[in-house]
Amino acid sequence: MIDESLRGPFYRLSLPQIRALVAENGVCGLAERTLEAIDRINPRLNAFVHLDRDRVLAEARALDQLPATERGPLHGIPIGVKDLIDVAGWPMTAGSRVMSGNTPGRDAAVITRLRAAGALVVGMTLTHEFAYGTTGDVSSHGAAHNPHRLTHMTGASSAGSGAAAAAGLVPLALGSDTGGSIRVPAALCGVFGVKPGHGEVSIDGVQALAPSLDHVGVLAHDSDLAWLAMSVLSGRREPEPAAPQWSWLDIDRVPLVDPRIATAVRGMFDEVSGHSTLEVALGNWPEMRGVAGTIMSREAWDTHAHQLDVRKADYAESTWERIDSGRHIGDEQYADARRTQRLWRDTMAAFLDHDQVLVCPTAGILAPEIGVREMTVGAEDGISTRILTNLTVRWNLVGFPAVSVPAGEIDGLPFGMQIIAKPGSESALRGAVDEVTRHVRGASGAGGAY
């Protein structure tokens with residue numbers, strides 16, 4: 001549980017409760033409460049890196065003046081935006097000195113859609129520099145802090161969005177996910193994180209890392225709000241929950257998974273699925289990670305090649321070195337990786353049934369302390385930057401939708417259950433998320449969003 005001093009006005013609220021707050025306070029009144037909470041709590045979390053109070057309140061007043069017939073499905077709901085996504089007139093730094101002074105002239109496509117649905121854009125949330133990291137503690141703005149334990153990281157690059165949503169500073173935050181950067185902070189901070197299928201949500205106006213792996217999605221305390229927001233972002237109707245065919249994903253070959261997390265997630269899975277399940281082994285985990293790494297490295301290099309050397313001093317050393325590794329990946333090696341990517345995507349899609357979902361932990365470890373890179377899990381030693389995305393990156397490679405569901409806490413730190421389906425099976429995916437959420441809520445006696 002998060003200390004009361006770190007809880008904002010939306011902490012663990014459901015979508016109906018959030019809408020009631022909008023109705024009771026008005027958009028402007030709720031905006032003022034939101035900004036006050038950020039002013040009070042953010043100095044300890046470092047979740048938000050830019051706020052424009054006057055503009056937020058002006059936009060809130062405009063939303064209050066809309067007649068009821070013109071109010072969208074997200075009317076008055078405050079959102080945080082990862083500092084990687086363009087908001088016209090606000091700085092977008094991508095967490096880097098390289099981007100200092102950058103002020104986009106137009107909104108990203110996802111911001112346009114959210115505004116049209118009535119959402120109130122509140123501020124920009126911290127990102128790991130250029131989204132090229134799994135720890136959320138390398139940024140020109142410093143490190144984001146996990147509200148469950150301030151000395152620990154939120155994980156991955158959507159770090160500020162994870163902290164802001166978990167603390168209830170906003171009910172909804174945008175993130176991006178190239179190897180796990182929505183789902184990992186969702187798991188480590190105890191919220192829902194939804195990564196859609198590749199190409200389902202526009203990345204126009206989003207700073208690229210590796211376009212063939214990049215996704216935009218959301219983090220939220222409430223799954224219904226997350227699904228509604230994804231519907232707005234994609235322009236598609238919300239999936240109706242459907243009964244899933246449960247499958248446990250074989251993770252025996254995945255290194256460095258905390259046995260406490262694996263046991264807890266598997267036990268919960270068995271209870272929800274009624275032990276009537278299929279165990280599935282899909283692909284070669286190490287090889288898939290290697291192929292994803294090849295694609296990510298080469299595309300990151302292509303994105304930054306024009307400035308990597310001339311602006312070297314403005315990059316964090318670790319970011320520069322990761323991007324620079326891509327210059328050594330030749331065209332033939334990259335083309336081979338892309339062919340393998342397409343082959344695995346098509347093979348997996350053909351293998352899985354339409355209503356089938358795959359389940360495993362989201363991250364194999366609890367949130368490490370900020371700055372920690374080397375760690376021991378069980379009897380194995382590893383690097384936190386790689387461990388955190390061991391179970392997520394392959395779903396970016398094949399472009400399947402995946403959700404991290406808050407599944408409980410160990411030693412006071414959250415962990416998540418990851419549920420995956422193939423594109424077109426979002427109804428089964430939502431049905432599985434709903435069933436797990438009901439189970440967690442019933443087991444913990446928690447009210448509110450979960």
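Let us start inside the protein: Cys189 is buried, with a relative accessible area of 0%. Buried here means under 20% relative accessible area, with exposed meaning over 50% and partly exposed in between (1.4 Å probe, protein chains only). A search of the whole structure finds 0 disulfides, a disulfide being a pair of cysteine sulfur atoms within 2.5 Å. Cys189 is in no disulfide, and its nearest cysteine sulfur, that of Cys360, is 19 Å away. Cys28 is another buried cysteine, with a relative accessible area of 14%.

A word on what you are looking at. This is a predicted model, in which local features need pLDDT of at least 70 and side-chain atom pairs count only at pLDDT 80 or more, while totals for chains, interfaces and linings use all residues. Residues are numbered from 1 along each chain as its sequence is written, and side-chain values use heavy atoms, with hydrogens and water left out.

Now step back to see the whole. The protein has 13 helices and 13 strands; helices (H or I, at least four residues) and strands (E, at least two) are DSSP runs, numbered from the N terminus. Its radius of gyration is 20 Å, close to the 22 Å that the globule rule gives for 450 residues, so the protein is as compact as a globular protein of that length. That radius is taken over C-alpha atoms, and the globule rule is 2.2 Å times the number of residues to the power 0.38. The C-alpha trace spans about 60 × 55 × 40 Å along its principal axes. Of the 450 residues, 61% are buried. The accessible surface comes to about 16100 Å², and carbon and sulfur atoms account for 49% of that; areas come from the Shrake-Rupley method with a 1.4 Å probe, and for residues only the protein chains shown count as cover. Among contacts (heavy atoms within 4.5 Å) between residues at least 6 apart in sequence, 76% join residues at least 24 apart.

Next, follow the sheet. It is an open sheet of 11 strands with mixed pairing, in the order β1-β3-β2-β4-β6-β5-β12-β13-β9-β7-β8. Two strands pair if DSSP finds at least two bridges between them. At the edges are β1 (48-51) and β8 (278-280), each pairing on one side only. Neighbouring strands of this sheet are turned by 30° against each other on average, direction ignored. Helix α13 (residues 426-444) packs on the sheet, where it touches β5, β7 (245-249), β9 (356-361), β12 and β13 (413-420), and its direction makes about 10° with that of β12. For such angles, axes are lines fitted to C-alpha atoms, for helices over the stretch in contact, and angles run from 0 to 180 degrees between N-to-C directions.

Walk along the middle of that order, beginning with β4 (residues 172-177). This strand pairs with β6 in the antiparallel sense over 6 bridges, and Ala173 stands opposite Leu219 in β6. Leu219 is also the bridge partner of Gly193, from β5 (residues 192-195). β5 and β6 (residues 215-220) pair in the antiparallel sense over 3 bridges. Both faces of β5 are covered: Phe192 and Val194 on one side are buried, as are Gly193 and Lys195 on the other.

β5 also pairs with β12 (residues 402-410), again antiparallel and over 3 bridges, with Lys195 opposite Ala402. In β12, 7 of the 9 residues are buried, so the strand is largely enclosed by the rest of the structure. One residue of β12 is Ile410, which is buried with a relative accessible area of 13%. Leaving aside residues up to four places away in sequence, Ile410 touches Arg260, Ile261, Leu366 and Phe415.

β12 pairs with β13 in the antiparallel sense over 8 bridges, and Ser404 has Gln418 as its bridge partner in β13. In the hairpin of these two strands, which has 2 residues between them, Asp411 takes a positive phi near 55°.

Finally, visit another hairpin, that of β10 and β11, with 2 residues between the strands and a positive phi of about 65° at Gly378 in the turn. Here β10 (residues 374-377) and β11 (residues 380-383) run antiparallel and are joined by 4 bridges, with Met375 partnered by Gly382. Side chains alternate along β10: Met375 and Val377 point to one face and are buried, whereas Glu374 and Thr376 point to the other and are not.
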